[in-house]
Amino acid sequence: MFDPDIAPSGTLLGLLQRGRGDGTLHALAAPRAEALAALHHCVLRDPRRDWQVENRSLYYARLCLDLDAGLDEIEQHLFHPDDLVNDDEERTGLALSVLGHLAAYGRSDALRLLRRYAAAGSNWEWALDELALRDDDTGLRGLAPAILAHFPRTPDGDAELATVVRGAYEPRPWRLWADDPDHGPRVRAAAERGAFDRWQRQLRPSGPRPGWSVHDILLWAQREHDLKPDARRPDAAARCLAAVAGPEDRPELLAAAASAPDAARAAALRHLAEIGDPEVLDLIEAAVTEPDASQLVSQAALSAFERMRSIAALDRARVWAHRPDALGDAAAAMLSCRGGQYDTPLVLAALRRTVRAEGPDAQTLWTLVDGAGRLAISCAAPVLRHIYRETASSHLRGRAARALAATDPTFAAGFAVECLWDCEESTREVAARHAATADARVVEQLRRLAADPAEEAEVQTAVRSRIGPETPGF
């Protein structure tokens, strides 16, 4: 994840970077040169905060079609000298995905550019995955020599090839090449080696095995954490504790949760929270609020609390929700997910407090926004509209749209209309169910979504629920 430079939400570039439906509508109304410049800026400089979960490629590909955009800028970006030294997927991944969608829409120039990059580019695996979904067998077979040339005929090269074949996201090209008379023997050998390596790992797991007592498990968690701090051993240790800990071990676990070394303490806290020990809430509060508590312990305590499902945890959340700290955030999140209508003031106050203190992109807003919609807090609509407009996260904007559908009576004729062009399919689905059809643009876009083979099935199902032989305007 990274923090891109996002333009203000009132500009064309800012709208397109956010993937808002208004971005498409404004681009189509703007001078073509200005719209193309903003579009290329987005495609070549990925604006997503988390490129692995946020969608933009179909959104930009559709706008490329609407603007009849050429591919010269994308070609220059893909074959820039930087590609020889920078093989990070986020540099070229969005551009390759856009080309994949354009190829699916019948753009032969996009298909040819994908083939060229798959043969010569550093991120060739991504390009090959796009081609696996869109290219024909002849085109894929023609790539075999260039792709296999990445792997020298040495023991190390063969081992790397086996790893790539085993982990291929789209196996279709490798299956085609396995039947090729020239390249088939090498590809089949790589596939067999990958399967054998997987079988060996399953037969002889190399992971550490702690002793089967509470004391041994806690010692193992701390020792492994000291060796590999990023290995998340406390979580594994907590699962082991669930299998071996009995009532007689409670004193040792309580002592560990209060003052053991960090990893052992984190494991004990999670285990006690999962079994609903009556003292664990006090231990969680101490772990989060102690001035000298480590981040590992405080995060483990918060995570343990968020997993709790007891009435006692809900009651304590109502006490903690007023706190302006991480414990208060976790408490408000629990009330958002599981609270009742009488918890509305607490959730609303936390939502407003978070927006004022941390802005419209705070991670804690995700659950609070969901809670505002679940509890149908109508007076939260102004805050939700602000989050919808300003957040750079398309996922958070989609959550805000769902919450507005439950809280804002103007949503159907307002934001729901632009949501039909949104970059996230879940947001388009919400819009398809709620957008008022009095607007002619809504009817036209619903028809387009229903006929578009690239559209997600859930969106098309929502559209068809609005379209019928007796539906006015259709």
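Where is the place of Asp-88? Asp-88 sits in the loop between helix 6 (82–85) and helix 7. The close-ups below come from a predicted model.

**Figure 1. A negative patch on the surface.** Seven residues are named here: Asp-87, Asp-88, Glu-89, Glu-90, Glu-125, Asp-156 and Glu-160 form a negative surface patch. Two helices, helix 7 (89–104) and helix 12 (155–166), each supply at least two residues of this patch. Asp-88 belongs to the patch, but its place is in the loop between helix 6 and helix 7. Its relative accessibility is 39%, so Asp-88 counts as partly exposed.

**Figure 2. Two loop residues with positive phi.** Asp-68 is not a glycine, yet its phi is positive, about 55°. Look for Asp-68 in the loop between helix 4 (57–67) and helix 5 (72–78). Asp-68 counts as exposed because its relative accessibility is 57%. Ala-376 is not a glycine either, and its phi is positive, about 50°. Ala-376 lies in the loop between helix 24 (365–374) and helix 25 (381–390). With 43% relative accessibility, Ala-376 counts as partly exposed.

**Figure 3. A buried alanine in helix 30.** Find Ala-462 in helix 30, which covers residues 457–466. Ala-462 counts as buried because its relative accessibility is 0%. Which residues does Ala-462 touch, leaving out those up to four places away in sequence? They are Glu-429, Ala-432 and Arg-433. Take Arg-433: 29 residues separate Arg-433 from Ala-462 in sequence, but their C-alpha atoms are 5.8 Å apart in space.

**Figure 4. A salt bridge between parts 390 residues apart in sequence.** Side chains of opposite charge can pair when their charged atoms come close. The count for this model comes to 33 salt bridges. One of them joins the side chains of Asp-452 and Arg-62, at 3.0 Å from N to O. Asp-452 lies in the loop between helix 29 (440–451) and helix 30, and Arg-62 lies in helix 4, so the pair ties together parts that are 390 residues apart in sequence. Asp-452 is buried, with a relative accessible area of 7%. Arg-62 also counts as buried, at 10% relative accessibility.

**Figure 5. A salt bridge from helix 8 to a loop.** Arg-115 and Asp-135 form a salt bridge, and their closest N and O atoms are 2.7 Å apart. Arg-115 belongs to helix 8 (residues 108–120), while Asp-135 lies in the loop between helix 9 (124–134) and helix 10 (137–141). The pair therefore ties together parts that are 20 residues apart in sequence. Are the two partners buried or exposed? Arg-115 counts as partly exposed, at 28% relative accessibility. Asp-135 counts as buried, at 5%.

**Figure 6. A salt bridge within helix 21, and a network.** Asp-315 pairs with Arg-318 in a salt bridge, with the closest N and O atoms 3.0 Å apart. Both residues lie in helix 21 (residues 311–320). They are three residues apart, about one turn of the helix. Asp-315 is partly exposed, with a relative accessible area of 40%. Arg-318 is partly exposed too, with a relative accessible area of 21%. Elsewhere, salt bridges that share partners join Asp-282, Glu-285, Arg-316, Arg-323 and Asp-325 into one network.

Methods
Residues are numbered from 1 along each chain as its sequence is written. This is a predicted model: local features need pLDDT of at least 70, side-chain atom pairs count only at pLDDT 80 or more; totals for chains, interfaces and linings use all residues. Side-chain values use heavy atoms; hydrogens and water are left out. Patches are made of residues with over 30% relative accessible area and no salt bridge: like charges are joined within 9 Å, nonpolar side chains (Val, Leu, Ile, Met, Phe, Trp, Tyr) within 5 Å. Accessible areas come from the Shrake-Rupley method with a 1.4 Å probe; for residues, only the protein chains shown count as cover. A salt bridge is a side-chain nitrogen of Lys or Arg within 4 Å of a carboxyl oxygen of Asp or Glu. Lys and Arg count as positive and Asp and Glu as negative; His and the chain ends are not counted. The place of a charge is taken as NZ of Lys, CZ of Arg, CG of Asp or CD of Glu. Helices (H or I, at least four residues) and strands (E, at least two) are DSSP runs, numbered from the N terminus. Buried means under 20% relative accessible area, exposed over 50%, partly exposed in between (1.4 Å probe, protein chains only). Contact means heavy atoms within 4.5 Å.
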